[in-house]
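Dear colleague,

I am passing on a structure for you to look through, and my notes on what was found in it follow below. Please keep the picture open while you read, as the notes go from the whole chain to one sheet.

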Amino acid sequence: MNIYSWNVNGVRAVQKKGFIDWVNNVRPDILCLQETKAEPGQLDQELLNIEGYQSFWSSGVKKGYSGVAIYSRTVPKCVSYGIGIERFDCEGRILVCEYDDFALFNIYFPNGQQGEERLQYKLDFYDALMNHTAALRSQGRQLIITGDFNTAHHEIDLKNARANEKTSGFLPIEREYLTRYMELGFVDVFRHLYPEEIKYTWWSFRANARTKNVGWRIDYFLVSDNMLERIDDCEIVNDVAGSDHCPIILHLKAF
């Protein structure tokens with residue numbers, strides 16, 4: 001099974017850049033999108049009904065902001081549009097699909113760069129999701145958490161670590177939250193498999209950053225440690241354009 005995750009920075013924008021042809025070419029079993037910036041009613045049928053997939057959309061109250069979606073070739077047992085906390089669910093950042101053997105959390109984590117209030121909101125969001133998923137993990141559930149975490153965990157995960165130590169996205173408190181996820185039994189799959197590999201998933205549109213590969217790794221697959229034996233590989237697909245992020249892929253062994 002191949003699960004793809006991609007912050008598309010506007011699904012209508014990426015549709016104009018060959019998104020549907022890309023989906024039909026790579027044929028993910030499950031595709032998670034973040035920052036869709038659209039409600040289903042704003043989308044055409046070609047995008048809503050890609051052949052062979054069911055699609056699910058979580059949109060925020062604010063128009064043209066945030067939003068996540070999942071395309072799935074297998075019908076989920078259950079779909080949840082949030083975690084039952086209104087101050088987070090209202091921004092359309094969480095979509096959960098439950099399958100026979102795992103629950104998949106597609107998350108667009110908040111950005112903390114708009115000031116102290118939004119930084120605190122981001123940390124509260126991390127905390128709430130951590131509590132929710134840790135409770136499920138303690139019940140023996142197998143979990144996958146994917147999406148744009150808006151935080152680089154270690155110095156290896158961004159080009160200019162020292163210059164960004166006081167920038168939201170690499171603040172010590174944000175990095176500590178990712179460490180706490182790992183301590184609760186979650187594994188950053190790419191870093192687990194490739195501890196020394198330098199690869200990024202996001203580049204600023206400024207200063208030709210992508211061409212120069214001045215980037216950050218802020219998009220992740222975390223899995224509960226009881227899923228590790230199912231992991232086959234994890235990829236960062238740098239050559240796919242269309243957004244300021246690139247797709248990442250989790251390959252699961254068939255059971």
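In this model, which is predicted, the protein chain is made up of eight helices and 14 strands. Its radius of gyration is 17 Å, close to the 18 Å that the globule rule gives for 255 residues, and the chain is therefore as compact as a globular protein of that length. If you draw a box along the principal axes, the C-alpha atoms of the protein chain fill roughly 45 × 45 × 35 Å.

Of the 255 residues in the protein chain, 55% are buried, while the area that the chain exposes comes to about 11,400 Å², with 47% of it supplied by carbon and sulfur atoms. When one takes the contacts between residues at least 6 apart in sequence, 70% of them join residues that are at least 24 apart.

Now to the sheet. Six strands form an open sheet with mixed pairing, and their order is E3-E4-E2-E1-E14-E13. Strand E3 (54-58) and strand E13 (231-236) are the edge strands, each of them pairing on one side only. On average, and with direction ignored, neighbouring strands of this sheet are turned by 15° against each other.

Which strand pairs with strand E1 (residues 2-7) over four bridges? The partner is strand E14 (residues 248-252), and the two run in the antiparallel sense. To find this pairing in the picture, you could begin at asparagine 2, whose bridge partner in E14 is histidine 251.

With best wishes

Key
Residues numbered from 1 in each chain as written. Predicted model: local features only at pLDDT ≥ 70, side-chain atom pairs only at ≥ 80, totals over all residues. Heavy atoms only, no water. Pairing = 2+ DSSP bridges. Axes fitted to C-alpha atoms, helices over the stretch in contact; angles between N-to-C directions. Rg over C-alpha atoms; globule rule 2.2 N^0.38 Å. Buried < 20%, exposed > 50% of the residue type's maximum accessible area, 1.4 Å probe, protein only. Contact = heavy atoms within 4.5 Å. Areas by Shrake-Rupley, 256 points an atom, 1.4 Å probe, with all protein chains shown as cover.
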